[in-house]
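Let's take a friendly walk through a protein model. Have a look at the chain below before reading on.

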Amino acid sequence: MACDEILVDARGHRCPVPTLRLRKALEAAPSGGRVRLLADDPMARIDVPHFAAEIGAEILGREDLDGGFSFLVAKP
């Protein structure tokens, strides 16, 4: 994880909490800022890309982790 990323750990939370926490972190981030979301709710795999497209954010990376996954999202 890069030091200029905001980390949002939403593991253990179910829909819609991971996406809501991502939204809050992106609102607080500067333009072009990066937020890494850690989640283990399978619905986040669908919700996060949909949310990112809706607000014009770019998903820079997705990674499967042991028991979950990570999204790296750039604020527009």
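Here is a short tour of one helix, some charged pairs, an aromatic pair and an unusual peptide bond. Please keep in mind that this is a predicted model.

**A helix with two sides**

Let's begin with helix α1, which runs through residues 17–28. It has 12 residues and reaches 17 Å from its first C-alpha to its last, close to the 16 Å expected at 1.5 Å a residue.

Which residues of α1 are buried? They are Pro18, Thr19, Leu22, Ala25 and Leu26. Seen down the helix axis, the buried residues of α1 fall within an arc of 125 degrees, so they line one face of the helix. A general rule helps here: an α-helix has 3.6 residues a turn, so residues three or four places apart point the same way. The buried residues of α1 pack against β1, β2, α2 and β4. On the other side of the helix, Lys24, Glu27 and Ala28 are exposed.

**Charged partners**

Next come the salt bridges. How many does the structure hold? There are 4 salt bridges, and the table shows some of them.

| Pair | Closest N and O atoms | Where the partners lie |
|---|---|---|
| Arg36 and Glu5 | 2.9 Å | Arg36 in strand β2, Glu5 in strand β1 |
| Asp40 and Arg14 | 3.4 Å | Asp40 in the loop between β2 and α2, Arg14 in the loop between β1 and α1 |
| Arg45 and Asp64 | 3.6 Å | Arg45 in helix α2, Asp64 in strand β3 |

Let's take these pairs in turn. Arg36 and Glu5 form a salt bridge that links distant parts of the chain, 31 residues apart. Are these two partners buried or exposed? Residues count as buried under 20% relative accessible area. Arg36 has a relative accessibility of 16%, so Arg36 counts as buried. Glu5 is buried too, because its relative accessible area is 10%.

Glu5 has further company. Leaving aside its neighbours within four places in sequence, Glu5 is in contact with Arg34, Arg36 and Leu72. The side chains of Glu5 and Arg36 also make a polar contact, at 2.9 Å.

The salt bridge of Asp40 with Arg14 joins two loops, so the pair ties together parts that are 26 residues apart in sequence. Asp40 is partly exposed, with a relative accessible area of 24%, and Arg14 counts as partly exposed at 47%.

In the salt bridge of Arg45 with Asp64, the partners are 19 residues apart. Arg45 counts as partly exposed at 43% relative accessibility, whereas Asp64 counts as exposed at 59%.

**An aromatic pair**

A search of the whole structure finds 1 aromatic pair. Phe69 and Phe71 form this pair, which is edge-to-face: the centres are 5.7 Å apart, with 85 degrees between the planes. Planes over 60 degrees apart count as edge-to-face, so that angle explains the label. Both Phe69 and Phe71 are buried.

**A cis peptide bond**

Let's finish with the backbone. In general, most peptide bonds are trans. What kind of peptide bond joins Cys15 and Pro16? The bond is cis, with omega at about 10 degrees. Pro16 has its place in the loop between β1 and α1. Arg14, the salt-bridge partner of Asp40, also lies in the loop between β1 and α1.

Notes. Residues are numbered from 1 along each chain as its sequence is written. This is a predicted model: local features need pLDDT of at least 70, side-chain atom pairs count only at pLDDT 80 or more; totals for chains, interfaces and linings use all residues. Side-chain values use heavy atoms; hydrogens and water are left out. Helices (H or I, at least four residues) and strands (E, at least two) are DSSP runs, numbered from the N terminus. A polar contact is a pair of N or O atoms within 3.5 Å; within protein, one must be able to donate a hydrogen and the other to accept it, and residues adjacent in sequence count only if both atoms are side-chain atoms. Contact means heavy atoms within 4.5 Å. Rings of Phe, Tyr and Trp (its six-membered ring) pair if their centres lie within 6.5 Å; planes under 30 degrees apart count as stacked, over 60 as edge-to-face and the rest as tilted. Buried means under 20% relative accessible area, exposed over 50%, partly exposed in between (1.4 Å probe, protein chains only). A salt bridge is a side-chain nitrogen of Lys or Arg within 4 Å of a carboxyl oxygen of Asp or Glu. The expected span of a helix is 1.5 Å times one less than its number of residues. The arc is that of the directions from the helix axis to the C-beta atoms.
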